[in-house]
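Please open the structure in your viewer and keep the selection panel at hand. The tour below goes from one selection to the next and says what is found at each stop.

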There are 2 protein chains.
Amino acid sequence: MKRAQLQLMPLEEAQRLFFARVLLPDREEERETSAALGRVTSRACYAQRDLPHYPMAAMDGIAVRACAARPGEKLRRGRDFEYVDTGDPIPEPFDSVVKIEEVRELGEDTVEIERAPSPGMHVRAVGEDFARGALVVPAGACLTPEAIAALLATGNLTVWVKSQPKIVFIPTGSELVPPEREPAVGEIVETNSQLVKGLVSRWGGAVTVTESVPNELAILRSAVREALARFDIVLVGAGTSKGRGDWVAQVVRELGEVVVHGVAYHPGHPVLLGVCEQKPVVGLPGYPVATWLALQLFVRPVLERYYYGQERPRLSVWARLAQPIKSGRGFREFVRARLERLPDGSWLVHPKQGGASKLSTLVHIDGWIEVPEDVASLPAGTLVEVKLTTP
Amino acid sequence: MKRAQLQLMPLEEAQRLFFARVLLPDREEERETSAALGRVTSRACYAQRDLPHYPMAAMDGIAVRACAARPGEKLRRGRDFEYVDTGDPIPEPFDSVVKIEEVRELGEDTVEIERAPSPGMHVRAVGEDFARGALVVPAGACLTPEAIAALLATGNLTVWVKSQPKIVFIPTGSELVPPEREPAVGEIVETNSQLVKGLVSRWGGAVTVTESVPNELAILRSAVREALARFDIVLVGAGTSKGRGDWVAQVVRELGEVVVHGVAYHPGHPVLLGVCEQKPVVGLPGYPVATWLALQLFVRPVLERYYYGQERPRLSVWARLAQPIKSGRGFREFVRARLERLPDGSWLVHPKQGGASKLSTLVHIDGWIEVPEDVASLPAGTLVEVKLTTP
């Protein structure tokens, strides 16, 4: 008898089924605003005071009453005007500023102006940037340096942010050794954890990596069970196929439910998507490109849905293929690619083909090209959409 | 007499003059590779060993000798084949793998295969991902998670990276108070340091913010002199114009040279670009949008030139204007803008006009639109290039 093959599911169907079953529970925490860069707000933030909070000179110049400051007349300091610098309060009873370049200084404390100001000219009105109570940052927004500045300027010293989902990566395989060890024949340096740590942290996850677990059912089962007690998302590295020592599917079946096993895309089709104790468990195929792509296709969207309620549109660039691409029919092919800007401002794209095992195809890329299931090849010169993977 | 106005220089000329005078000295340091995420390499990195370092099964299946494995014949384990899983060494004398789905198991240790394998089939050859001595990461590359994984997999436990330039921000203005304090009339909460810290760190600078310095010549002079002794780039906040208490230009003249004072762009034309003791000194106009834009136009390029030897192309998106834009003739206008993806996949762009003082125009934007000096307005519906500011 022959061993069974995985029945491969179309990508969109797999994503739809899995995401419908995965809902990370909302959790939030209060943070000092100045320490919340990159976090995502869980509540809308409103101005606690007006910005500016007093009528403020917008220019260096003289403060005047617009109705009383006539061009060509002598204006006396104290009575008709007062010098102000940018940011100064406008002294009573003045309401406008004439900028200093338009002021002719006739003598000490006497000036004349060329043009009549309009009321409020060059004065920043109270609340013109943010009125007290106005929305500063909505809920579900990633806090940029600009947002942090706006929050602090409007009196928001703390901010409620979504808690970071706790994500664990369990590398499996008796052959794995840490990078510090020179690998013998049959040993493989464990480096997928670097992909998980780097990418999933960038997407807002708090990542923990466990020791490598050997290919044994009982050990893997207890590792996953323990992980489910402590983490929100469990990622298991390798062992996701149907070979000897591929125990991930069995463990997930025992502890919960396999939602999808095998998806029709390259590289990395033997991905496993499960749910145990209401928590997503993803079996990442062990080859580096397969791990990387499964993270992009199944983990990143889960985090975006948690943070933003939806997936965010990917930025993309249209570019001409520098070399032809070959693809397998019946599979969505994800071709890693490097962009090159041409002197005319258009983009050329260099595809990096090569199997799931080639870490070299992940270094120095800007994004990927998706080749549809019914396309077997694309000639050089084809205009293709490159979805950017850089953050 | 009237006070002198700044003579404004065209933007490209100002950038060219300033960047020609600024050359940060090359410095490098050795780092543990696993702690070098986001750093930029100062030396090329080569594979210290082959990856893979032994002939490796690329599939679960049986290892055979291609020349001796005939379809339809009984193959005996030990003599004609051996079972292998993905990642296993290929045992002598075998040279190829037949994947398990194509193996018919006839009995214990006896199988037959359907198709003759070609030599080397489903075997990862030694060095096929990276050959020993091959380039893994060139000099001048920002280390991604993917690059870190490739370096560790090829035996590069440490990596030489460019040292981070030390950048200081000196906020000036007697009216500045820290965010923790409720500001009285005439006081302004100092928040530009948040923009400097957040943006300049993102671009690879190691940022220090000093206490605010009052608008006094002697104090500012000694603050800048002290900063020049300890930092590679000095950024001074506000006081860059020609008003009372605007001492930055004088301090830079005393300690070095003013290269540019006043540039024909909005918002933020009174920027000051100087060189003291071979170090760049940038006077950032005090309004938040002006500070932000001066960082983008004059500080980010200095860091990119240090790290990459050149400025990097900005990603941009073409989008249709949702509202019209007005601009001032003779000035390059930088209009902050938020993108919206339409159902058809095209982009709509919402410009956020408003002066240099409006922090609100910096929150929730994706980039900017540049309106050329000779254009006074752009109607709604115009197709414009939005340069992305998100990292």
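What follows is a walk from the whole chain to single residues.

**The whole of chain A.** Before selecting anything, bear in mind that this is a predicted model. Begin with chain A, whose secondary structure comes to 6 helices and 28 strands. The radius of gyration of this chain is 30 Å, well over the 21 Å that the globule rule gives for 391 residues, so chain A is more spread out than a compact globule. If you turn the C-alpha trace along its principal axes, you will find that it spans about 105 × 50 × 40 Å. Of the 391 residues, 49% count as buried, and among the contacts with a separation of 6 or more, 73% are made by residues 24 or more positions apart.

**The domains.** Next, colour chain A by its domain assignment, which gives domain 1 as 11-27 + 164-308, domain 2 as 28-50 + 136-162, domain 3 as 56-124 and domain 4 as 316-388. Taken over C-alpha atoms, the centres of domain 1 of chain A and domain 3 of chain A are separated by 68 Å.

**Helix α1.** Now select residues 11-21 of chain A, which form helix α1, and show the side chains of its buried residues, A:L11, A:A14 and A:F18. Looking down the axis of α1(A), you will see these buried residues fall within an arc of 65 degrees, so they line one face of the helix. The face turned away from that buried side carries the exposed residues A:E12, A:E13 and A:A20. To see what covers the buried residues of α1(A), add elements of chain A including β18 (257-261), β20 (272-276), α6 (288-308) and β24 (332-341).

**Where chain A meets chain B.** Bring chain B into view and select the contact, which takes 66 residues from chain A and 66 residues from chain B. On the side of chain A that touches chain B, the elements that each supply at least two residues include β8 (103-107), β11 (135-137), α3 (192-202) and α6, while the largest share, 8 residues, comes from α2(A). The residues of this side divide into 34 nonpolar, 15 polar and 17 charged.

How are the two chains related? A rotation of 180 degrees, with 0.0 Å of shift along its axis, superposes chain A on chain B with an RMSD of 0.0 Å, and that is the relation of a two-fold axis. Because 100% of the interface residues of chain A are also interface residues in chain B, the copies meet through the same surface.

**Unusual backbone spots.** Most residues other than glycine have a negative phi, and most peptide bonds are trans. With that in mind, go to the loop between β2 (45-46) and β3 (56-57) of chain A, where A:P52 is found, and note that the peptide bond from A:L51 to A:P52 is cis, with omega near -10 degrees. In chain B, a cis peptide bond with omega of about 0 degrees joins B:E92 and B:P93, and B:P93 lies in the loop between β6 (81-84) and β7 (96-99) of that chain.

Return to chain A and select A:D109, in the loop between β8 and β9 (110-113), which has a positive phi of about 65 degrees although it is not a glycine. Is A:D109 buried or partly exposed? With 14 C-beta neighbours inside 10 Å, A:D109 counts as partly exposed. The last stop is A:E277, in the loop between β20 and β21 (279-284) of chain A; this residue, not a glycine either, has a positive phi of about 50 degrees, and with 11 C-beta neighbours inside 10 Å A:E277 counts as exposed.

Methods: Residues numbered from 1 in each chain as written. Chains lettered and ligands numbered in written order. Predicted model: local features only at pLDDT ≥ 70, side-chain atom pairs only at ≥ 80, totals over all residues. Domains from an automatic or database assignment. Helix = DSSP H or I, 4+ residues; strand = E, 2+ residues; numbered from the N terminus. Rg over C-alpha atoms; globule rule 2.2 N^0.38 Å. Buried ≥ 20, exposed ≤ 12 C-beta atoms within 10 Å, placed from the backbone. Contact = placed C-beta atoms within 7 Å. Arc of directions from axis to C-beta. Nonpolar A, V, L, I, M, F, W, Y, C, P; charged D, E, K, R; others polar. Least-squares fit on C-alpha atoms with pLDDT ≥ 70 in both.
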